[in-house]
Amino acid sequence: MSTNAPPTALKPHVDGRPPHLPCGPGDVAQDVLIPGDPDRVGLLTDMLEDVVDLGRRREFAMVSGRYKGHPITICSSGIGGPSTEIALVELAMLGAKRVVRIGGTASLVAAMPVGSFLCVDEAIGSSGAARFYCAPDAKTRADPELRTALLEAAQAAGFTARVGTVATSDSYYLGQDRPIEVNGVAMPLDGSVLEGFRKAGAHSVDMESQVVLSVGKRLGLKAACLLGVHANRATNEWLTDYEATQRGLFTIASQALIASFSESSNEKETEHVRQT
Ligand SMILES: O=P(O)(O)O[C@H]1O[C@H](CO)[C@@H](O)[C@H]1O
Ligand SMILES: O=c1cc[nH]c(=O)[nH]1
């Protein structure tokens, strides 16, 4: 029996189930991993134990389970700002507290080869969705504790990783200086978009990180982004088989969530012992 008010235009939830994500109250762990591609949720499911497949609606595929006993939900965001904003808001309404985007990126520097990892310190860019959550000139930074935990987890597991800045673009083709040729006609390109991102300090480009960090911050979540280098725009390399990189993203992010979770719990425990 329905215990809630009927859905309205302002709050189209039914019994606490949001209008977009395929889940409801009690389904979402406090710690959530957010890949872009819904197919990657299926790819990563065998790395969890006690899996509950929550299903898929539009670009949002979801599972909840445990990694080394620690509860984790994986929820895809789809490509770009609008669907990422929806995922973040509905996850937060259902109890998510810490979110890590685990996605692909194109590096802008030769020294970040395909298959390596970027622990995002700051996201810059021009995302339209992010603008509703933070001032255009606001710094959009990752939660420092989570970002440090990501780097430490990557290094401990022997992955090549660095800390840096990502620029988020709302466009994959012209908004990332990619050539388009339609009916034999090439669109003019001058390379100014990526050059602008490089001048602003970006090490790579993606399409969601600025949204994850700005929406997450505004909602009071601890948010971070760990990106796998799928392409290198300085050397024109492209990662054809990205499964190992995606599994690396899952392992590093899950380890970091566990390590930083126990660190805060230990601190609380120590605090409690000191007070008693
Ligand atoms: O691999 P994901 O997480 O989808 O991220 C990158 O790949 C997509 C573009 O192909 C965009 O979503 C971009 O941010
Ligand atoms: O080239 C790329 C690769 C991943 N993500 C992007 O946004 N661009």
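Let me start with Asp-177, which counts as partly exposed because it has 19 C-beta neighbours inside 10 Å, one short of a cut-off under which a residue needs 20 or more to be called buried. This is a predicted model, so please take the angles I am about to quote as computed from its atoms. Asp-177 is found in the loop between strand E8, residues 161-168, and strand E9, residues 181-182, and its phi is positive, about 55°, although the residue is not a glycine. Most residues other than glycine have a negative phi.

A second aspartate can be set beside that one. Asp-15 also has a positive phi, near 50°, in a residue other than glycine, and its place is in the segment before strand E1, which covers residues 31-34. Asp-15 counts as exposed, because there are 12 C-beta neighbours inside 10 Å.

Now to the annotation. UniProt, in an unreviewed entry, places the feature "domain: Nucleoside phosphorylase" at residues 32-238. Over those residues the chain is 25% helix and 36% strand, and the C-alpha atoms at the two ends are 28 Å apart.

Next, the ligands. Around ligand 1 we find Pro-35, Gly-36, Asp-37, Ile-79, Gly-103, Gly-104, Tyr-172, Asp-206, Met-207 and Glu-208, and this shell divides into 4 nonpolar, 3 polar and 3 charged residues.

Around ligand 2 the residues are Gly-104, Thr-105, Ala-106, Tyr-172, Gln-176, Val-205, Asp-206, Met-207, His-230 and Ala-231. The elements that give two or more residues to this shell are strand E5 (98-107), strand E11 (204-206) and strand E12 (222-232), and E5 gives the most, with 3 residues. By class, the shell of ligand 2 divides into 5 nonpolar, 4 polar and 1 charged. If you want to look at both sites in the structure above, Gly-104, Tyr-172, Asp-206 and Met-207 are listed around ligand 1 and are listed around ligand 2 as well.

Finally, a word on one helix. Helix H3 runs over residues 144-156, and its 13 residues reach 18 Å from the first C-alpha to the last, close to the 18 Å expected at 1.5 Å a residue. Which residues of H3 are buried? They are Leu-146, Arg-147, Ala-149, Leu-150, Leu-151, Ala-153 and Ala-154, so that an arginine appears in the list along with leucines and alanines. H3 is followed by Gly-158, and the phi of that glycine is positive, near 80°.

Technical notes. Residues numbered from 1 in each chain as written. Chains lettered and ligands numbered in written order. Predicted model: local features only at pLDDT ≥ 70, side-chain atom pairs only at ≥ 80, totals over all residues. UniProt positions renumbered as here; feature names shortened; annotations may be inferred. Helix = DSSP H or I, 4+ residues; strand = E, 2+ residues; numbered from the N terminus. Near = placed C-beta within 6 Å. Nonpolar A, V, L, I, M, F, W, Y, C, P; charged D, E, K, R; others polar. Expected span 1.5 Å × (residues − 1).
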